[in-house]
Structures are given as structure tokens and as C-alpha cells.
Amino acid sequence: MLVLGIESSCDETGLALYDTDRGLLAHALHSQVAMHEDYGGVVPELASRDHIRRLIPLLEAVLTEATCTRKDIDAIAYTAGPGLAGALLVGASFAEGLAGALGVLTLPIHHLEGHLLSPLLAAERPKFPFIALLVSGGHTQLMRVNAIGDYELLGESLDDAAGEAFDKTAKLLGLGYPGGPALARLAEQGQAGRITLPRPMLHSGDLSFSFSGLKTAVLTAVRNGLGAGTQAADLAAEFQEAVTDVLAAKALAACKANGMRQLVVAGGVGANRRLREKLDAAFSHFRGRVFYPELALCTDNGAMIAFCGAQRLLAGDAPVVGTGTFAIRPRWPLADLARPVLTA
Ligand code: KG4
Ligand code: ZN
């Protein structure tokens, strides 16, 4: 079965073709970063309009890359939420329209489930059950993944997500959007520990996170004149150190508490090199193993949506042939997903 995946929940248009026998055949992405840069963040209306422009050229690109035609597509998986309402609507209506025209199935996919399963696209895959650390721009969650569709929330951020904290802190330091990668680059030039920041909730004894206080601590440091030159680099390094200390410690604690040795890291912050170093060190000491999606599949992409749709098809979920009606869910707790459908 050939599944077309469509991601349009935020500022990236991603399309991909995943074959249930042959694996990932093609994926293509258009990032709107340059378009939103001048505004210091994503402008939802511009995002929606740009998704409209990109969908058909990207569809043609993946079909060409996979040497397929539209007629070869058996099902269309698309991000139905969570995300920006307008951006989701563009992807959903395109997917449903195309599916209606081709007479194929549609699979509305939860964006975070896509991230959660993306490490399964790598050559070396974890086996169920495992712990997942989901660290994106909107979410910081530790989940227990028992099987496809069977996810238990173990802990999450009580306020800002880790990616959001990276983005907001980058803004405070006058770095561009998106802030995470820019802040990480600046951190490479600085030294952690010269300026000290708190490790919020490190010893809270649970798996919750809180990052908004850290951002306020950076604001205070900037107001005290530490936001420029080498001190800005030191501040960035210390901020990155603080966030990754907490993420790594809690991910390890989640594995220990659940008697598991496999950790999967998903979402944009999973691209952070320092986070990877700390997790790898902590888990090799614990004789555990950390699985990451390919770097290109850490941030938003169509491959994870196509893959997730394919898994749901294989699991026997009952997708519907384009009925002409569909719903998007800008807010959609992952815990609301259907309960177990497959144990692999
Ligand atoms: O998963 P993602 O692409 O989109 C969401 O679904 O949110 O994650 C984007 C987030 C942004 O907050 C971005 O700043 C952050 O991931 N990010 C990073 C890095 N690369 C992306 N944060 C820290 N270090 C990085 N290298
Ligand atoms: Zn995402």
C-alpha cells in the first residue's frame, strides 16, 4: 500500500510517500522560515496561504522522486491537529479533496504521534514498549509507548515547552527566528557555568517540567547587562545546559521508573547536539539505548505523517474513503487517541 503523507500544521509544508513493503520512497519539504523571519515568529495567515502555494509542486516532486503517479496512491494521511487552525485546514482540505478525486482512503493523523513514531523510520528501531521524550516547539512530554496507538502520558511541562523556551530566550538575546538552532549555535561559543541559571524542577521527584522561570532568569540577566558579546554566548551556553540537564535527568528517571532501557527522542529540540551528548552519556552508563530520528526528520516533515498513516492502516484502523466531511483539531491531547490497536 502506498501512503501519501501531508504535514501542514505550522510553518513547514511536508509531503512524503511511504510504501508498506518498500519503506519511505520520497519526501519533500518547504520551510517558511525565511518568510516569517521578518516578523520574529510564525504569522498564521501567511502560513496558510503559503501551504496552498506549496502543496501541488511538492506532490509532483515526491511522485517524480518515487517514480509513481497519483493513481498509485492507496491512502492519504494528513495532520489533522494539533496546530494552527488555518494551516491545518489547508492540508486537510487538500488531502480530502485529492482522496475524493482518487477514490482512496484518508487517515487524519495526530502531529505528535507522527513525531513519536518518527524514530521507527530509522534503520535501527526501538522495540515496543519504550519511553519517548517529545520535545517540540509546543510540547515537552514524557510518554510510555506500549504499542502503536497506546500512549501513556508520564509527565509534561506545566508552562512553556522546551522549544518555546529556546525560541523566547533566543529572542531576548536578539537572535533570529527560529531561535532554537540559533541559540544552540551561540552556545557553542560560550561556556556554561560562568553565569548560573536554575535547573527548574530537577529535584521535584516527578516527571513534570517548567521552563518559563528559566526564560525570566535570562531576562533578568539581560537587564543586568549580560545579554551582549561573550556574555551572551555564556548565557546561551548556560541556558542550553540548564534545559538539557533537566530533560536528560527526567528522561532517565522515566525509564528507571518504568523498568525500561530504551528511550526515543522526538521533536525539533531532539536535534540539539548537547541534549544528544547528555542522553547518550547517561544511557550508556545505565546500559540503555537512545534512538533518534534522522536529523532531517526531527523537525516537522511529511515522512512521519505518511509513516504513521501506514502503521494505522496496517493495524487495521478503519479509515474512511473521502466522504467530503472532515474535522481538524487545533487542540488535541495525544491521550485522546484511540486505545491499543497493535502490539508489535
Ligand atoms: O517539532 P518541531 O519542528 O515543530 C513543532 O511541532 O513545534 O520543533 C520546533 C522547535 C522550535 O522551538 C525550535 O526552536 C526547536 O524545535 N529546535 C531546537 C533545535 N532545532 C530546532 N532547539 C534547540 N536546539 C536545536 N538544535
Ligand atoms: Zn512538530
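The following exchange goes through some features of this predicted model and the definitions behind them.

User: What makes a feature count in this predicted model?

Analyst: In this predicted model, local features need pLDDT of at least 70 and side-chain atom pairs count only at pLDDT 80 or more, while totals for chains, interfaces and linings use all residues. Residues are numbered from 1 along each chain as its sequence is written, chains are lettered from A and ligands numbered from 1 in the order in which they are written, and side-chain values use heavy atoms, with hydrogens and water left out.

User: Why is Ser 136 called buried?

Analyst: Buried means under 20% relative accessible area, exposed means over 50%, and partly exposed lies in between (1.4 Å probe, protein chains only). Ser 136 has a relative accessible area of 9%, so it is buried. Ser 136 lies in the loop between strand E6 (130-135) and strand E7 (140-147), where helices (H or I, at least four residues) and strands (E, at least two) are DSSP runs numbered from the N terminus. Leaving aside neighbours within four places in sequence, Ser 136 is in contact with residues including Leu 112, Ala 161 and Val 269, and contact means heavy atoms within 4.5 Å.

User: What makes Met 201 partly exposed, and what makes Arg 287 exposed?

Analyst: Met 201 has 25% relative accessibility and therefore counts as partly exposed. Arg 287 has a relative accessible area of 69%, so it is exposed. Met 201 is in the loop between H6 and helix H7 (212-226), whereas Arg 287 is in the loop between helix H9 (273-285) and strand E10 (289-291). Neither is a glycine, yet Met 201 has a positive phi of about 65 degrees and Arg 287 has a positive phi of about 55 degrees. Most residues other than glycine have a negative phi.

User: What makes the largest nonpolar core a core, and why is it said to lie between the domains?

Analyst: A nonpolar core is a set of buried Ala, Val, Leu, Ile, Met, Phe, Trp, Tyr and Cys residues joined through side-chain atoms within 4.5 Å. The largest has 64 residues, and Leu 4, Ile 6, Leu 17, Ile 76 and Tyr 151 are those with the most contacts inside it. Its largest share, 8 residues, comes from helix H10 (residues 303-314). Because domain 1 (2-116 + 298-336) and domain 2 (124-292) both give residues to this core, it lies between them; the domain bounds come from an automatic or database domain assignment. A second, separate core of 45 residues includes Val 135, Leu 173, Ala 242 and Leu 279.

User: How do you know that helix H2 and helix H3 cross, and which residues make the contact?

Analyst: The axes of helix H2 (residues 44-65) and helix H3 (residues 85-102) come within 8 Å and cross at roughly 35 degrees. These axes are lines fitted to C-alpha atoms, for helices over the stretch in contact, and angles run from 0 to 180 degrees between N-to-C directions. The contact involves residues including Ile 52 and Leu 55 of H2 and Val 90 and Phe 94 of H3.

User: Where are the cis peptide bonds from Gly 81 to Pro 82 and between Tyr 177 and Pro 178?

Analyst: The bond from Gly 81 to Pro 82 is cis, with omega near -15 degrees, and Pro 82 is in the loop between strand E4 (75-81) and H3. The cis bond joining Tyr 177 and Pro 178 has omega of about -5 degrees, and Pro 178 is in the loop between helix H5 (162-172) and helix H6 (179-189).
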